[in-house]
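The following exercises concern one protein structure and are solved step by step. Please examine the sequence and the model before reading the solutions.

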Amino acid sequence: MAGRALMRDKGQSLRRSRIAAAILTGVLLGCVFAFFLPRGLFGSVSPIQNRRIGKSGLQAFSSSCELPERINMIKSDIASLSDKNAELNKQVKDLTERLRFAEQGKDHAQMQFLDMGEQHKAGPFGTVKGLRTNPTVIPDESVNPRLAKILEEVAIRKELIVALANSNVQAMLEVWFTSIKKVGIRNYLVIALDDHIEHFCKSNGVPVYKRDPDEGIDSVAKTGGNHAVSGLKFRILREFLQLGYSVLLSDVDIVYLQNPFDYIYRDSDVESMSDGHNNMTAYGFNDVFDEPAMGWARYAHTMRIWVYNSGFFYIRPTKPSIELLDRVADRLSRDKLWDQAVFNEELFFPSHPGYDGLHAAKRTMDFYLFMNSKVLFKTVRKDAKLKQLKPVIVHLNYHPDKLSRMKAVVEFYINGKQDALEHFPDGSQ
């Protein structure tokens, strides 16, 4: 009895010991797992990943805090770059202007040649031909978008006839555009210098352009005489050339009998009619000056040519052409000079000490086709053969009674009235 009780006590003690050992083992294993696997056996993120997540979260928070500051920094950088860009643009303009002046100096010819393209060796004797003209400028429509749109509609092959007119010349202007219409010329434009002429042209179906207000030009345009208005054309024509158009500048005391664009060579910067009345005066000649006091050296050879007429010339959109307009306009703005005299001086005077001449190619028009009124009334009307010739235009530049002679030219060449020119004197009375 006592033995059974002893055996039962031992069994219970062993069972308690096993339970205690199991509990202790479980506690120890729990501590181990708790230390090495804090997110449990089935957690999806490792300790390393957890550290990364924590770091990126911190960065995101930091970035969100820094974003307004970064935007402000970027804005500041953009403003700084804009200022630098404006300064660079100003420097480019200054350098471009300096380059333009430099091209007028001693190295102009070499710089121009290099600008024209690749250098070449000279060919065999008799085969070398120099450049006859200069390349056209790149059109810049930003100069005058409104005029650019008009020219796009009016011009043909980038060229047109242009005339300036105010109310003082309305009667001559009517004869002028009536003759143009009769020939069938479509590419022409009147620059109206006052509102009345603008309305007059529109009412007669004549292409017209009135400039934007300009106090310096408008004061002369509205009240000035022929010479004053004539001087304005050198300032006004500049925009046409900048837009890339060739212009046949025409005074209004001209009668058109054929289309002049069929007789223009287009191989020079400026192609002009002459005030000369024969081959020598129109195209130039060797004039011998005699000074007996010099003895053996009494004869000195000189070259002479009669001036180009600044009331009828064809000008291409090249740099020398634009420079010509600038030079003439500048001199006319400073001094009371005749525009035709200044026009010819700038075209023909060569470079010499203290003066840089204009490097422009020029051509003289056929004086029988592009006829001045001296040729007509002093020579042509008195010659039976020359009377059969039909000129392209007749310019009544030599006579003050312009309107009556213009009408007589129309009667003679267009209406066939053979005696229409007879009652006029050779010159003015």
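Is Lys233 buried or exposed? Lys233 is buried, with a relative accessible area of 2%. Here buried means under 20% relative accessible area, exposed means over 50%, and partly exposed lies in between (1.4 Å probe, protein chains only). The model is a predicted one, in which local features need pLDDT of at least 70, side-chain atom pairs count only at pLDDT 80 or more, and totals for chains, interfaces and linings use all residues. Residues are numbered from 1 along each chain as its sequence is written, and side-chain values use heavy atoms, with hydrogens and water left out.

**Exercise 1. Identify the salt-bridge partner of Lys233 and state which elements the pair joins.**

Step 1. A salt bridge is a side-chain nitrogen of Lys or Arg within 4 Å of a carboxyl oxygen of Asp or Glu. A search of the whole structure finds 20 of them.

Step 2. Lys233 pairs with Asp339, the closest N and O atoms being 3.5 Å apart. Because Lys233 belongs to helix H8 (residues 226-242) and Asp339 to helix H11 (residues 339-348), the bridge ties together parts that are 106 residues apart in sequence. Helices (H or I, at least four residues) and strands (E, at least two) are DSSP runs, numbered from the N terminus.

Step 3. Asp339 is likewise buried, its relative accessible area being 2%.

Step 4. The surroundings of Asp339 can now be considered. Helix H11 is mostly covered, with seven of its ten residues buried. Among them are Val342, Phe343 and Leu347. Glu346 is also buried, and it is linked with Glu323, Arg327, Arg331 and Glu345 in a network of salt bridges.

**Exercise 2. Describe the salt bridge of Arg238 and the exposure of its two residues.**

Step 1. The partner of Arg238 is Asp326, and the closest N and O atoms are 2.6 Å apart. This pair links distant parts of the chain: Asp326 is in helix H10 (residues 319-334) and Arg238 in helix H8, 88 residues apart.

Step 2. Asp326 has a relative accessible area of 26% and is partly exposed. Arg238 is partly exposed as well, at 27%.

**Exercise 3. Characterise helix H13 and its link to a distant loop.**

Step 1. Helix H13 covers residues 402-414, which is 13 residues. The expected span of a helix is 1.5 Å times one less than its number of residues. For H13 this gives 18 Å, and the end C-alpha atoms are 17 Å apart, which agrees.

Step 2. The buried residues of H13 include Lys402, Met406, Val409 and Phe412.

Step 3. Lys402 forms a salt bridge with Asp253, with the closest N and O atoms 3.0 Å apart. Since Lys402 lies in H13 and Asp253 in the loop between strand S4 (246-250) and strand S5 (254-256), the pair ties together parts that are 149 residues apart in sequence. Both Lys402 and Asp253 are buried.

Step 4. Just after H13, Gly416 takes a positive phi of about 75°.

**Exercise 4. Locate two residues other than glycine with a positive phi.**

Step 1. Most residues other than glycine have a negative phi.

Step 2. Arg157 has a phi near 55°. It is placed in the loop between H4 and strand S1 (159-165), and it is exposed, with a relative accessible area of 70%.

Step 3. Arg266 has a phi near 65°. Its place is the loop between S5 and strand S6 (270-274), and at 31% relative accessibility it counts as partly exposed.

**Exercise 5. Examine strand S1 and the contacts of two of its residues in space.**

Step 1. Glu159 is found in strand S1 and is buried, with a relative accessible area of 3%. The C-alpha atoms of Glu159 and Phe240 are separated by 9.7 Å, although the residues are 81 apart along the chain.

Step 2. Leu160 is placed in strand S1 too, and at 0% relative accessibility it counts as buried. Leu160 and Leu189, 29 residues apart in sequence, are 7.3 Å apart in space, C-alpha to C-alpha.
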